[in-house]
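Me: I would like to learn how to read a protein model feature by feature. Could we take one chain and go through it slowly?

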Amino acid sequence: MSHTTTDRPVAEFGHVEHVPVHFDDLDAMGILHNARYAVLLERALTPYWAERGVAFRGDVHATPDVFHAVREFTITYRAPVIGVGTVAVHFWLEHFGTSSARYAFEFRSTDGATVHATGTRSIVRLDPATLRPTAWTEVAQGVAATLLRPAPASA
């Protein structure tokens with residue numbers, strides 16, 4: 001992972017967002033509480049999509065792709081995030097289907113040297129009226145294309 005600035009780090013694929021870790025994100029030992037990783041991932045994903053026109057502004061019908069549910073969240077903790085500061089969240093899409101998507105992510109130190117956690121997050125786009133899976137819009141498909149990890153080159 002290379003960095004152009006500390007505000008907008010760049011990854012070879014996907015996106016890296018710097019996310020603040022606040023005092024109330026810590027547990028009694030002063031490390032990032034395990035349950036807060038999901039929240040910090042959400043804080044990394046939300047601005048990326050919002051900057052590309054997919055943001056909740058009080059009306060799910062205006063931006064229907066924000067109406068989705070998390071189906072699965074997996075995480076492996078590797079090294080604790082200690083104290084307040086900033087963590088770099090690198091995320092990308094491993095899969096983007098008709099109505100579902102699977103992110104992969106890494107929580108790293110801002111210099112990229114320490115991997116704090118890795119995992120996946122699967123979501124399903126829902127119809128607000130029926131709560132059944134429904135297709136992503138063309139807008140979401142376009143944004144998702146910017147996050148898909150390229151397939152490895154075959155030899």
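Me: How many helices and strands does the secondary structure of the chain come to?

Reply: Start with the inventory, and keep in mind that this is a predicted model. The chain has two helices and seven strands. In sequence order they give the pattern β-β-β-α-β-β-β-β-α.

Me: How compact is the chain for its length?

Reply: The radius of gyration can be set against the value that the globule rule gives. Here the radius is 16 Å and the rule gives 15 Å for 155 residues, so the chain is as compact as a globular protein of that length. The C-alpha trace spans about 45 × 45 × 25 Å along its principal axes. Of the 155 residues, 39% are buried.

Me: Which strands pair with E5, and in which sense?

Reply: For paired strands, look at the direction and the number of bridges. Strand E3 (residues 15-21) pairs with E5 in the antiparallel sense, over seven bridges. One of the positions to look at is Pro20, whose bridge partner in E5 is Thr86. E5 and E6 also run antiparallel, and eight bridges join them. Phe96 stands opposite Ala101 in E6. The connection from E5 to E6 is a hairpin through three residues.

Me: How many residues does the largest nonpolar core have, and which of them have the most contacts inside it?

Reply: A core of this kind is a set of buried nonpolar residues joined through their side chains. The largest one in this model has 29 residues, and those with the most contacts inside it are Trp49, Val87, Val89, Phe91, Tyr103 and Phe107. At least two residues each come from E3, H1, E5, E6, strand E7 (115-125) and helix H2 (138-145). H1 gives the largest share, seven residues. To see one core residue in its setting, take Val89: leaving aside residues up to four places away in sequence, its contacts include Val16, Val19, Leu40, Leu41, Ala44 and Phe107.

Me: How many aromatic pairs does the structure hold, and how do I read one?

Reply: Read the distance between ring centres, then the angle between the planes; over 60 degrees counts as edge-to-face and under 30 as stacked. The structure holds eight aromatic pairs. Tyr48 and Phe91 have ring centres 5.8 Å apart and planes at 85°, so this pair is edge-to-face. Tyr48 lies in helix H1 (residues 36-50) and Phe91 in strand E5 (residues 85-96), so the pair ties together parts 43 residues apart in sequence.

Me: Are Tyr48 and Phe91 buried or exposed?

Reply: The cut-off for buried is under 20% relative accessible area. Tyr48 has 5% and is buried; Phe91, at 0%, is buried too.

Me: What does a stacked pair look like, as with Phe73 and Phe105?

Reply: The rings of Phe73 and Phe105 are 5.6 Å apart, centre to centre, with 20° between their planes. This pair links strand E4 (residues 68-77), which holds Phe73, to strand E6 (residues 100-108), which holds Phe105, across 32 residues. Phe73 is partly exposed at 30% relative accessibility, whereas Phe105 is buried at 1%. Both belong to one aromatic cluster with Tyr37, Tyr77 and Phe107.

Me: Which residue lies over the face of Tyr48?

Reply: A charged side chain can sit over a ring, and the distance to read is the one from the ring centre. In this case Arg52 lies over the face of Tyr48, at 3.5 Å from the ring centre.

Definitions and conventions. Residues numbered from 1 in each chain as written. Predicted model: local features only at pLDDT ≥ 70, side-chain atom pairs only at ≥ 80, totals over all residues. Heavy atoms only, no water. Phe/Tyr/Trp six-rings, centres within 6.5 Å; stacked < 30°, edge-to-face > 60°. Helix = DSSP H or I, 4+ residues; strand = E, 2+ residues; numbered from the N terminus. Buried < 20%, exposed > 50% of the residue type's maximum accessible area, 1.4 Å probe, protein only. Lys NZ or Arg CZ within 6 Å of the ring centre and 35° of its normal. Pairing = 2+ DSSP bridges. Core = buried A, V, L, I, M, F, W, Y, C linked by side-chain atoms within 4.5 Å. Contact = heavy atoms within 4.5 Å. Rg over C-alpha atoms; globule rule 2.2 N^0.38 Å.
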